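I opened the notebook to go through one chain, a few look-ups at a time. The entries below follow the order in which I worked.

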Amino acid sequence: MAEDSDLERTEPPSPKRLEDARKKGQIPRSQELASFSVLMTGMVAIAMTGPALLNSLKQVMRSEFTFSRATLVDPMQMHTHFIKACESMLWACLPVFAACALAALLAPMLMGGWLFSTEAMAPNFGRLNPASGIKRMLSVRSIVEMFKAILKSGLIGGVAALVLWKERADFVQLIAMPPDNGLAYLWGMAKFTLFTVVGAMAVIVLIDVPYQLWEYYKNLRMTKEEVRQEMKESEGDPQLKGRIRQLQREAARKRMMSAIPKADVIVTNPTHYAVALQYTEAMRAPVVIAKGSFLLAERIIELGRQHKVTVVRTPPLARALYHHADLGEEIPAALYTAAAEVLAYIYQLRHWQRYGGTEPVLNDSLPVPKDLDPEAAA
């Protein structure tokens, strides 16, 4: 049962999966939204340029229904006359055509944004397979699209028919109206009918856009196994990452152990903690070059003694340095005084070992703040 659940597409698509789908040209699209945008833009453009279009239509009608004797005698004059009328109407309608063309280009970006994918343009011979074509024809998406087309045709056709049916009496009276009045009335009737149809299409768009988004993300859902595999590919195999971290720790430990011979002193707990300090005149404060606990602390102490580094038993200072001083960094300012006493003792000890005299003694109670010593704070 667990294996079956891992194979079910129950997980939302990851950002990587969405990006891969986008590269392949797979983005949410709504044909209804594009059609509505073009039609709505056309309606607005017609409404704004309506008076100019009406005047152009009047001029074309007057020109076309006005004939001279030369026009009637010469057939080429009729042809020229007709071409000029078409050019006049084309120029009058050009703003509407340009607005609709611009809407056709921008409308698809409302859902999926701008996309140019060369992968989508590549030939896919798998689409020529008849079995795949029949499967697509009988898919749930095809059935939904069929019912959507029937619903759209019925709704839009029904609304248009209903509007025209209510205006049928006035429509018949257009024959008896003067041309100017008839054209004005016909223009108003056309605007009302078209805006009503556009309103009906808006209802379809409000249904289709959420459905297209839902279907798009549904088709890109992932199984739990796919999610795990993607995480491995993007972030790396956890076992491999663990091995890399282990190797990094080992390399850092080797570098740390190789720096112990340069230490001036190793302060210990004596066996729980060990911290190696180095100080030169160029440094502002002593620097921690190695630290460890338990077995690593024993190894630091052993290696320090092999290289004749002085090991000092100072439990409070060792604990404070281990917990509050980072490797490769200067010790905290609150421990300057205690570290200075230890280093002074080391310098005095070296002088005594070389020249003799009175053997130096380290202060048993170093000034270590209690809030830096875990045992003292407890």
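**Entry 1. A first residue.** Is E330 buried, exposed or partly exposed? I looked up its relative accessibility and found 29%, so E330 counts as partly exposed. I note here that the model is predicted.

I then looked for the partner of E330. E330 forms a salt bridge with R284, and the closest N and O atoms are 2.8 Å apart. E330 sits in the loop between α15 and α16, while R284 sits in the loop between β2 and β3. The two residues are 46 residues apart, and I wrote the pair down as a link between distant parts of the chain. R284 has a relative accessible area of 68%, so R284 is exposed.

**Entry 2. The other salt bridges I checked.** How many salt bridges does the structure hold? I found four.

One of them joins D373 and R319, with 2.7 Å from N to O. D373 is in the loop between α16 and α17, and R319 is in helix α15; the pair therefore ties together parts that are 54 residues apart in sequence. I looked up the burial of both: D373 and R319 are buried.

I also looked at E302 and R299, whose side chains meet in a salt bridge at 3.9 Å, N to O. Both are in helix α14, which covers residues 295-306. They are separated by about one helical turn because they are three residues apart in that helix. E302 is partly exposed at 42% relative accessibility, and R299 is partly exposed at 37%.

**Entry 3. The whole chain.** I stepped back to the totals. The chain has 378 residues, and 30% of them count as buried. I listed 17 helices and four strands. The exposed area is about 24,900 Å², of which carbon and sulfur atoms supply 62%. For contacts with a separation of 6 or more, I noted that 74% join residues 24 or more positions apart.

**Entry 4. The cores.** Which residues of the largest nonpolar core touch the most other members? I wrote down V265, V267, L317, L321, L335 and V342, out of 24 residues in this core. At least two residues come from each of β1, β2, α15 and α16. The most come from α16, which gives seven residues.

I followed V342 further. Not counting neighbours within four places in sequence, V342 is in contact with V265, V267, L317, L362 and L366. Another core lies apart from this one; it has 19 residues, including L53, A160, V197 and V209.

**Entry 5. The annotated stretches.** I checked the UniProt record, an unreviewed entry. It places the feature "transmembrane region" at residues 33-54, 89-116, 146-165 and 185-211. I compared two of these stretches with the model. Residues 33-54 are 100% helix and 0% strand, with the end C-alpha atoms 29 Å apart. Residues 146-165 are also 100% helix and 0% strand, and their end C-alpha atoms are 28 Å apart.

**Entry 6. One last residue.** Where is Y211 placed? I found Y211 in helix α11, which covers residues 179-219. Its relative accessible area is 23%, so Y211 is partly exposed; the cut-off for buried is under 20%. I also looked up S30, which is 181 residues from Y211 along the chain. The C-alpha atoms of Y211 and S30 are separated by 9.1 Å.

How values were computed
Residues numbered from 1 in each chain as written. Predicted model: local features only at pLDDT ≥ 70, side-chain atom pairs only at ≥ 80, totals over all residues. Heavy atoms only, no water. Buried < 20%, exposed > 50% of the residue type's maximum accessible area, 1.4 Å probe, protein only. Contact = heavy atoms within 4.5 Å. Areas by Shrake-Rupley, 256 points an atom, 1.4 Å probe, with all protein chains shown as cover. Core = buried A, V, L, I, M, F, W, Y, C linked by side-chain atoms within 4.5 Å. UniProt positions renumbered as here; feature names shortened; annotations may be inferred.
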